[in-house]
Amino acid sequence: MAHDSEKKQRLHLVFGGELATLADVQFRDLENLDIVGIFPDYESAHAVWKAKAQMTVDNAHMRYFIVHMHRLLDPEVE
């Protein structure tokens with residue numbers, strides 16, 4: 001059981017892929033999504049998201065996203 005002094009996990013998923021069009025979030029090829037990983041907090045997820053986004057800056061259709069998994073697992077938590 002977690003102690004009050006421990007930082008509570010707020011899981012975040014970072015993933016990306018090439019969009020079919022720039023007007024919508026629909027991926028061109030679901031089998032080639034880049035599942036970067038799951039991170040214990042937003043700060044670490046954001047750092048990885050930013051690095052991956054920078055690596056693909058020349059491809060306007062390539063987008064990376066952060067999913068707040070902790071909100072899906074427990075909608076009551078901010």
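Accessible areas come from the Shrake-Rupley method with a 1.4 Å probe, and for residues only the protein chains shown count as cover. This is a predicted model, in which local features need pLDDT of at least 70, side-chain atom pairs count only at pLDDT 80 or more, and totals for chains, interfaces and linings use all residues. Residues are numbered from 1 along each chain as its sequence is written, and side-chain values use heavy atoms, with hydrogens and water left out.

**View 1. The whole chain follows the pattern β-β-α-β-α.** There are two helices and three strands. Helices (H or I, at least four residues) and strands (E, at least two) are DSSP runs, numbered from the N terminus. The chain exposes about 6,000 Å². Carbon and sulfur atoms supply 54% of that area. Of the 78 residues, 23% are buried. Buried means under 20% relative accessible area, exposed means over 50%, and partly exposed lies in between (1.4 Å probe, protein chains only).

**View 2. Strand β1 pairs with β2 and with β3.** Two strands pair if DSSP finds at least two bridges between them. β1 and β2 run antiparallel, with five bridges. One partnership here sets Gly 16 against Asp 34 of β2. Seven bridges join β1 to β3 (residues 62-68), also in the antiparallel sense. There, Leu 13 has Val 67 of β3 as its bridge partner. β1 is mostly covered, with six of its seven residues buried.

**View 3. Arg 28 forms a salt bridge with Glu 18.** A salt bridge is a side-chain nitrogen of Lys or Arg within 4 Å of a carboxyl oxygen of Asp or Glu. The closest N and O atoms of Arg 28 and Glu 18 are 3.1 Å apart. The pair links distant parts of the chain, ten residues apart: Arg 28 sits in the loop between β1 (12-18) and β2 (34-39), and Glu 18 in strand β1. Arg 28 is partly exposed, at 49% relative accessibility. Glu 18 is partly exposed too, at 31%.

**View 4. Asp 34 forms a salt bridge with Lys 52.** Their closest N and O atoms are 3.1 Å apart. This pair joins strand β2, home of Asp 34, to helix α1 (residues 42-55), home of Lys 52, 18 residues apart. Asp 34 is partly exposed, with a relative accessible area of 23%. A search of the whole structure finds two salt bridges.
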